[in-house]
Amino acid sequence: MRQNVHSGIQWERRAAYCRGVKVGSFIAIAGTVAFNERDELVGEGDAYEQIAFIFRKIEAALAKLGASMKDVVRTRTFMTDIDQYPIWERAHKEAFDGIDPVATCIGNAVLMDPRLFAEIEVDAILSD
């Protein structure tokens with residue numbers, strides 16, 4: 001059985017995708033940026049605020065699918081400025097300390113809005 005959740009941002013509607021999908025015990029959360037459900041940028045000019053918001057948004061999507069951050073097994077981050085890596089590192093540790101999923105962080109990405117510092121996606125697996 002497949003379950004989709006949406007966050008309501010404009011790109012989901014325009015491109016026909018959802019925030020997260022659960023199939024069986026596997027959950028994929030789409031690339032997530034720091035826009036809230038009203039299509040407002042959160043944390044303009046502040047990489048930490050944007051990244052922390054992204055993790056909260058991911059956590060909310062996981063909860064709608066019956067999961068939590070503890071179920072995350074992989075994170076993938078695309079950053080516009082790799083010099084901001086220590087900020088990502090701090091926010092990632094706050095979100096996943098003790099969970100320690102595998103992680104990828106790619107720098108110098110071009111994202112859909114030049115004000116964005118990062119886009120993050122995760123995969124999770126529900127345990128029996």
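Which residues make a nonpolar surface patch of about 230 Å²? In this predicted model, the patch is formed by Phe26, Val73 and Ile125. Ile125 is placed in strand β6 and, with a relative accessibility of 40%, counts as partly exposed. Two of the patch residues, Phe26 and Val73, also appear among the contacts of Asp123, a residue of strand β6 that is described further below.

The sheet to which β6 belongs is open and consists of six strands in the order β1-β2-β3-β6-β4-β5, with mixed pairing. The edges are occupied by β1 (2–5) and β5 (102–106). Each of these two strands has a single partner, so one side of each is left without a neighbour in the sheet. From one strand to the next, the twist averages 10 degrees. The partner of β1 is β2 (residues 20–23); the two run antiparallel and are joined by four bridges. Within this pairing, Arg2 has Val23 of β2 as its bridge partner.

Two helices lie across the sheet. Helix α2, comprising residues 47–64, lies across β1, β3 (26–32), β4 (72–79) and β6 (118–125). Its direction makes an angle of about 30 degrees with that of β6. Helix α3, comprising residues 85–96, lies across β4, β5 and β6. The angle between α3 and β4 is about 160 degrees. Strands β4 and β6 are thus crossed by α2 and are likewise crossed by α3.

Asp123, in strand β6, has a relative accessibility of 13% and is therefore classed as buried, the cut-off being under 20%. When neighbours within four places in sequence are left aside, the contacts of Asp123 are Phe26, Ile27, Ala28, Asp71, Val72, Val73, Arg74 and Arg76. With one of these residues, Arg76, Asp123 forms a salt bridge in which the closest N and O atoms are 2.9 Å apart. Arg76 lies in strand β4 and Asp123 in strand β6, so the pair ties together parts that are 47 residues apart in sequence. Whereas Asp123 is buried, Arg76 is partly exposed, its relative accessible area being 24%.

The salt bridge between Arg76 and Asp123 is one of nine in the structure. Another links Arg90 and Glu94, with 3.4 Å between the closest N and O atoms. Both residues belong to helix α3, where they are four residues apart, or about one turn of the helix. Arg90 has a relative accessible area of 47% and is partly exposed. A further salt bridge is made by the side chains of Asp113 and Arg115, at an N to O distance of 2.9 Å. Asp113 counts as buried at 12% relative accessibility, while Arg115 is partly exposed, with a relative accessible area of 35%. In addition, Glu37, Arg38 and Glu40 are joined into one network by salt bridges that share partners.

How values were computed. Residues are numbered from 1 along each chain as its sequence is written. This is a predicted model: local features need pLDDT of at least 70, side-chain atom pairs count only at pLDDT 80 or more; totals for chains, interfaces and linings use all residues. Side-chain values use heavy atoms; hydrogens and water are left out. Two strands pair if DSSP finds at least two bridges between them. Axes are lines fitted to C-alpha atoms, for helices over the stretch in contact, and angles run from 0 to 180 degrees between N-to-C directions. Contact means heavy atoms within 4.5 Å. Buried means under 20% relative accessible area, exposed over 50%, partly exposed in between (1.4 Å probe, protein chains only). Patches are made of residues with over 30% relative accessible area and no salt bridge: like charges are joined within 9 Å, nonpolar side chains (Val, Leu, Ile, Met, Phe, Trp, Tyr) within 5 Å. Accessible areas come from the Shrake-Rupley method with a 1.4 Å probe; for residues, only the protein chains shown count as cover. A salt bridge is a side-chain nitrogen of Lys or Arg within 4 Å of a carboxyl oxygen of Asp or Glu.
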